[in-house]
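Visitor: I would like a close look at one part of this model. Please take me through it piece by piece.

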Amino acid sequence: MSVVVPVPAAGPPDRPRGLSIRRLLRFCAAIAACCAAAAFPGSAVLSLRSVSVTGNAAVPEAQILRRAGIAPGMNVFRVNTRTIRERLLEDPRIEAVTVALEFPRRLTVAIRERPPVAALRVADAYMQVGRDGVAIAQAPDPGSLPALVVDRLDPADVSAGTRVASPDARLGAWIAGALPDLLGVRVAGVHVDGAGEASLHLRDGLVVRLGGAADIADRLSLLPQVLGVIEERRVRIQSVDLRFSGSIVIQPARSSGRAASGTQENSPSR
């Protein structure tokens, strides 16, 4: 008995021609997609059409854009909102920044500035400081700001762009920033002595003793009412002492020229 086994024809079996063409077309499509993806970030379609800055007053818009490194026409894929924010916060005049990208055409930079509230006396010059105690810029004189004199202050610890190390200086800056507008224009200086107690020196020569940092906000809130009563009674006052809880000590002004001159000499604004 014999078994006959069929022998296959020589060579590989023929493959359908259409299958190779489809694979080739898919490969070409994949290459084209990769090339398009690589070219997409550089497309002019994704360039910023507008960049706007809001909230700024003291800091010019041109300086903000230059520091941020952004401008209309910049490719959107080169915009890093976190980097922009960090760059702008390096300017001590700027307290907070919000960067919003309306993809892909519009970028908005919202600024909250740090206004100076006092001029801190440092050696023979002054340093403008914000309410949070951050040194903003050096100035030759206080100008329209209250002069802040701090007995315990190391000039080496005061540098523009950093928070002043002295707690007394920060207390004085906070007081100057907390003054109501109508009262702020009357204050010539803020003094924090070696014991850490603060006092206000008004432009008419009146001295207001506020005491230490504890509960100082409550004592400061009483001042407009106290000054209003004094003005209604038209009494010349040398000092008002708010340091004692539940008590307001008022010292009338002396009539002698010597006493008046002594009050002016003690003013830290001179």
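How many helices and strands does the chain have? And which strands does H6 touch where it packs on the sheet?

Guide: This is a predicted model, in which local features need pLDDT of at least 70 and side-chain atom pairs count only at pLDDT 80 or more, while totals for chains, interfaces and linings use all residues. Residues are numbered from 1 along each chain as its sequence is written, and side-chain values use heavy atoms, with hydrogens and water left out.

The chain has seven helices and twelve strands. These are DSSP runs numbered from the N terminus: helices are H or I with at least four residues, strands are E with at least two. Of the 270 residues, 36% are buried, meaning under 20% relative accessible area; exposed is over 50%, and partly exposed lies in between (1.4 Å probe, protein chains only).

Now the sheet. It is open, has nine strands and shows mixed pairing. Strands pair if DSSP finds at least two bridges between them. The order is E6-E5-E4-E7-E8-E9-E10-E11-E12. E6 (135-139) and E12 (249-252) are the edges, each pairing on one side only. Neighbouring strands are turned by 25 degrees against each other on average, direction ignored.

H6 packs on this sheet. The helix touches E9 (198-202), E10 (207-211), E11 (237-241) and E12. Its direction makes about 155 degrees with that of E10; angles run from 0 to 180 degrees between N-to-C directions, and axes are lines fitted to C-alpha atoms, for helices over the stretch in contact.

H6 (residues 216-233) also packs with H4 (residues 167-178). Their angle is about 35 degrees, and their axes are 11 Å apart. H4 passes H6 in a right-handed crossing, where the near helix is turned clockwise from the far one by less than a right angle. H4 brings Leu171, Trp174, Ile175 and Ala178 to the contact; H6 brings Ile216, Ala217 and Leu220. Contact here means heavy atoms within 4.5 Å. The contact residues divide into seven nonpolar, no polar and no charged.

Back in the sheet, E7 (residues 147-150) and E8 (residues 187-192) run parallel, joined by four bridges. Val150 stands opposite Val192 in E8. His191 also lies in E8. Its relative accessibility is 19%, so His191 counts as buried. The His191 side chain makes a polar contact with the side chain of Asp151 at 3.0 Å. A polar contact is a pair of N or O atoms within 3.5 Å; within protein, one must be able to donate a hydrogen and the other to accept it, and residues adjacent in sequence count only if both atoms are side-chain atoms.

Conventions:
Nonpolar A, V, L, I, M, F, W, Y, C, P; charged D, E, K, R; others polar.
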